[in-house]
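Please consider the structure shown below together with its sequence. The paragraphs that follow lead through its helix packing, its surface and its charged contacts in turn.

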Amino acid sequence: MALSTRNSLTLLCLYCLIDAHRVFAQQDVSEQCSAESLGDYNMGLRVGSIFIILLTSAVGAFTPMIIHRARRYEKNSAQDWVLLVAKFFGTGVILATAFIHMLPDAMANFNSPCLDPSWTTYGAYAGVFCMIASFALQLLELAAVSNARRLQSNAAVAIQATAPVTTKEYDCEAAPCEGVTCPGDNATPPAPIAATVTDTRSIGSTDTTTPTPHHHHHHSHVHSAGFLETGNAYKDINTIILELGIVMHSVIIGITLANTGADEFVSLLIALVFHQFFEGIALGTRVNEMHSDGWVRPVIMGLLYIIMTPIGIAIGIGIHSSFNPNSSSSILASAILDSLSAGILLYNAYVSLMSLEINHSPEFQASPLHRKLICFISMYVGAGIMALIGKWA
């Protein structure tokens, strides 16, 4: 009887300990998911951060564009070497941004205890959304290439239709001559004239436009307002989608900066200054690769990039008194957007940048060894610096 009572008391104590652990665990989760105290908010410094980020982003994005368009330059000139180093440095920055700044944050957010349990039962949502973004970008690239080929075919038909037809009379009673076709014979029509649109730009090239003949087609005309209407259309759309991935992440980090505690704000701001500057260089060098005769498109794309993080900061300042970055909806939104952005940047870095410009580029293969080494070193340095910045941002 005493043994039975002792066992019952032991089980009761175990139950009490388990229940107490569960209660404390719930309290701990509740504390983790509650809004953090921002301490001394220092509104002046946070408003000033808007202009600091705006300026550094503008310098990073517009400097490569200005260097590229300031004057014509030849291969192996100082201007060419600066842009070459910046371009491959930017490739490393883009790759490290996806691996270091986006994907780990997305994975951590998807495993947050503050999320609804339905999101934590499957541990690979970050990879799923990253993969979806890559598939979507591949389909967009395919559509761009198909559209460009269709436009080339239409141009060839238009040239063939408007080409002057010359006729010459032959004496069919004379001695037969090889290659002469008499009237009434089944003549074979001449081969259509191929209207090709080629991308003449490459590493160090000064040609920034593709000569595309414009014709007013009466059949199968594609109305795209100049979008995807060059032989290099897939590169253009990849640059636009690359910017989309960058600006989505920029809004997130802007809101995060505005709602960071006073103790960490200055260090995070310094890290983001370098982050935005190097990311701007990466984007600016890619905008240089687009086919554009003037400044309108580059300026628009540059402005879109430089204002997104300041907009995020302004939004964060406006909602800082009521915003809870640890809420389920905030964490889920950040996780999904970071995953999609990572997929976009990874696809661009490996397929559109590294593969096409290094592995499958005849000009790169024919470049001297020292030029190749500088390209690789620049890319690795860019990736290394962004990986180092990931310790703070």
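In this predicted model, helix α3 passes helix α7 in a left-handed crossing. The axes of α3, which spans residues 78-110, and of α7 come within 8 Å and cross at roughly 125 degrees. Because an angle of this kind falls outside the ranges for parallel, antiparallel and perpendicular packing, α3 counts as oblique to α7.

A second pair of helices can be set beside this one. Helix α2 (residues 43-70) packs with helix α8 (residues 296-319) at an angle of about 170 degrees, and their axes lie 9 Å apart. Angles over 145 degrees count as roughly antiparallel, and α2 is therefore roughly antiparallel to α8. The handedness of the crossing between α2 and α8 is right-handed.

These helices belong to a protein that has 11 helices and 0 strands. Read along the sequence, its pattern is accordingly written as α-α-α-α-α-α-α-α-α-α-α. Of the 393 residues in the protein, 42% are buried.

Helix α7 also contributes to the surface. A nonpolar surface patch of about 340 Å² is formed by L45, V266, I270 and F274. Helix α7, which covers residues 262-288, supplies the largest share of this patch, namely 3 residues. V266 is a patch member that lies in α7. With a relative accessibility of 45%, V266 counts as partly exposed, because that class takes in values between the 20% limit for buried residues and the 50% limit for exposed ones.

Attention now turns to charged side chains. Side chains of opposite charge can pair when their charged atoms come close. A search of the whole structure finds 5 salt bridges. In one of them, the side chains of E363 and K75 meet, with an N to O distance of 3.1 Å. This pair links distant parts of the chain: E363 belongs to helix α10 (residues 362-366), K75 sits in the loop between α2 and α3, and the two are 288 residues apart. K75 has a relative accessible area of 39%, so K75 is partly exposed.

Another salt bridge brings together the side chains of K87 and E289, at 3.8 Å from N to O. Here too the pair links distant parts of the chain, with K87 in helix α3 and E289 in the loop between α7 and α8, 202 residues apart. Both K87 and E289 are buried.

K87 has a further partner, since the side chains of E357 and K87 meet in a salt bridge of 4.0 Å, N to O. E357 lies in helix α9 (residues 328-359) and K87 lies in helix α3, so this pair ties together parts that are 270 residues apart in sequence. Why do E357 and K87 count as buried? Buried means under 20% relative accessible area. E357 has a relative accessible area of 9% and is therefore buried, and K87, at 6% relative accessibility, counts as buried as well. Salt bridges that share partners join K87, R286, E289 and E357 into one network.

Helix α3 thus appears in two parts of this account: α3 crosses α7 at roughly 125 degrees, and α3 holds K87, which is linked to E289 in the loop between α7 and α8.

Note on methods: Residues are numbered from 1 along each chain as its sequence is written. This is a predicted model: local features need pLDDT of at least 70, side-chain atom pairs count only at pLDDT 80 or more; totals for chains, interfaces and linings use all residues. Side-chain values use heavy atoms; hydrogens and water are left out. Patches are made of residues with over 30% relative accessible area and no salt bridge: like charges are joined within 9 Å, nonpolar side chains (Val, Leu, Ile, Met, Phe, Trp, Tyr) within 5 Å. Accessible areas come from the Shrake-Rupley method with a 1.4 Å probe; for residues, only the protein chains shown count as cover. Helices (H or I, at least four residues) and strands (E, at least two) are DSSP runs, numbered from the N terminus. Buried means under 20% relative accessible area, exposed over 50%, partly exposed in between (1.4 Å probe, protein chains only). Axes are lines fitted to C-alpha atoms, for helices over the stretch in contact, and angles run from 0 to 180 degrees between N-to-C directions. Angles under 35 degrees count as roughly parallel, over 145 as roughly antiparallel, 65 to 115 as roughly perpendicular and the rest as oblique. A crossing is left-handed if the near helix is turned anticlockwise from the far one by less than a right angle, and right-handed if clockwise.
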